[in-house]
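Student: Before we begin, may I ask for a guided reading in which each term is justified?

Tutor: Certainly; please look at the entry first.

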Amino acid sequence: MAEYRPGDAEQTAFLQELVGAGLLIESGIPGVYGRGEQFERVRWAFDRLVTRAGDGDAPERMAFPPVLPRRQLERIGYLNSFPHLAGSLFSFDGDEDQAAEQAARASRHEDWSGFQSQTDLVLTPAACYPVYPAVAARGPLPPGGVTVDAGGSYVFRNEPSGDPARLQMFHQREIVRIGEPDAVAAWRDTWRDRAVALLRSVGLDAGFDVANDPFFGRSGRLLARSQRSQELKFEVLVQIAGPEPTAVASFNYHQDHFSGTYGITVRNGGGEPQPAHTACLGFGLERITLALLRTHGLDVDAWPATVREELALA
Ligand code: ZN
């Protein structure tokens, strides 16, 4: 079990307000909430705003379920970098006697994990992961590569917390760019500025900063340092609740990490196809919804008219 991180006083109070107003619905597990109608109304409104902002890039749209073949997670080395965040799926694999014993133990809330074995599925930890093998399977990309709008899939992170902005299961609105290194780097920089403008247009005090992923362990600290020094990751930050601003969007330049793993190439005039580079951006839709509720109040209908107009909230 991952260690539970309690929220501070401000985060705890905000969570109680959200639950009290019916915006979040408690499940009994920290970081896992149902959502009320008004919460979803805002989340969908921002999702549509991202779609409109990206329309000019004419992305190809794809959608994937929130589970991933276990082999994909193994191939990309996720368990080296983030073993503490992964969630894998186990299921019953036994006979009738074992089923009866499992049910008996479960009815007493005792440990029944001994009757479970690992399936071929893990919970998706990042919404862009299924895109890379899907694109690789087509063979070399045409010059210019491809932009994929991967929609807003649920992703899982094993980090129970009392901070309502740190969820275990949330929607990541991802767009992926795959192509020549220069084109990918330019796309990432364009979207970084576009995302800040987008968040400011709905009244959020957003700014970006260089960031690193929460890599695991001692070797992880080295990875984090090199990611920062090469400016491979940017985050857009907004104050929600608590002392520090929270990352509500991130921009990751993977260089040839995914294209090398899956063999993604891009045609370059008449010559041999070249290794592609990849980058992705992800908006944390729940965090943005929470930031909007924190900034403009819990009554969505009482928000400033300009914000409701920008979000096309009827
Ligand atoms: Zn991604």
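Student: In which strand does Thr-147 lie?

Tutor: Thr-147 lies in strand β7, residues 146-156; strands (E, at least two residues) and helices (H or I, at least four) are DSSP runs numbered from the N terminus. This is a predicted model, in which local features need pLDDT of at least 70 and side-chain atom pairs count only at pLDDT 80 or more, while totals for chains, interfaces and linings use all residues. Residues are numbered from 1 along each chain as its sequence is written, and side-chain values use heavy atoms, with hydrogens and water left out.

Student: Why is Thr-147 called buried?

Tutor: Buried means under 20% relative accessible area, exposed over 50%, and partly exposed in between (1.4 Å probe, protein chains only). Thr-147 has a relative accessible area of 11%, so Thr-147 is buried.

Student: Which residues does Thr-147 touch, not counting residues up to four places away in sequence?

Tutor: Thr-147 touches Pro-59, Glu-60, Ile-175, Val-176, Arg-177 and Trp-187, where contact means heavy atoms within 4.5 Å.

Student: What makes Gly-297 count as partly exposed?

Tutor: The relative accessibility of Gly-297 is 25%, and therefore Gly-297 counts as partly exposed. Gly-297 lies in the loop between α10 (285-296) and α11 (305-310).

Student: Which atoms coordinate the zinc ion?

Tutor: The zinc ion is coordinated by SG of Cys-128, OE of Glu-174 twice, and SG of Cys-280, at 2.2 to 2.6 Å. Donors are N, O and S atoms within 2.8 Å of the metal (3.2 Å for Na, K and Ca); water is not among the atoms, so sites may look incomplete. Cys-128, in the loop between β6 (116-123) and α6 (131-136), and Cys-280, in strand β14 (residues 277-284), are 152 residues apart. Both cysteines, Cys-128 and Cys-280, are buried.

Student: Why is the site of the zinc ion called irregular?

Tutor: Four donors count as tetrahedral if all angles lie between 85 and 135 degrees; four count as square planar and six as octahedral if opposite donors are over 155 degrees apart and all others between 65 and 115; anything else is irregular. The angles among the four donor atoms of the zinc ion run from 51 to 124°, so the site is irregular.

Student: How do you know that α2 is oblique to α7?

Tutor: Helix α2 (residues 37-54) and helix α7 (residues 181-201) pack at an angle of about 140°, with their axes 11 Å apart. That angle makes α2 oblique to α7, because angles under 35 degrees count as roughly parallel, over 145 as roughly antiparallel, 65 to 115 as roughly perpendicular and the rest as oblique.

How values were computed
Axes are lines fitted to C-alpha atoms, for helices over the stretch in contact, and angles run from 0 to 180 degrees between N-to-C directions.
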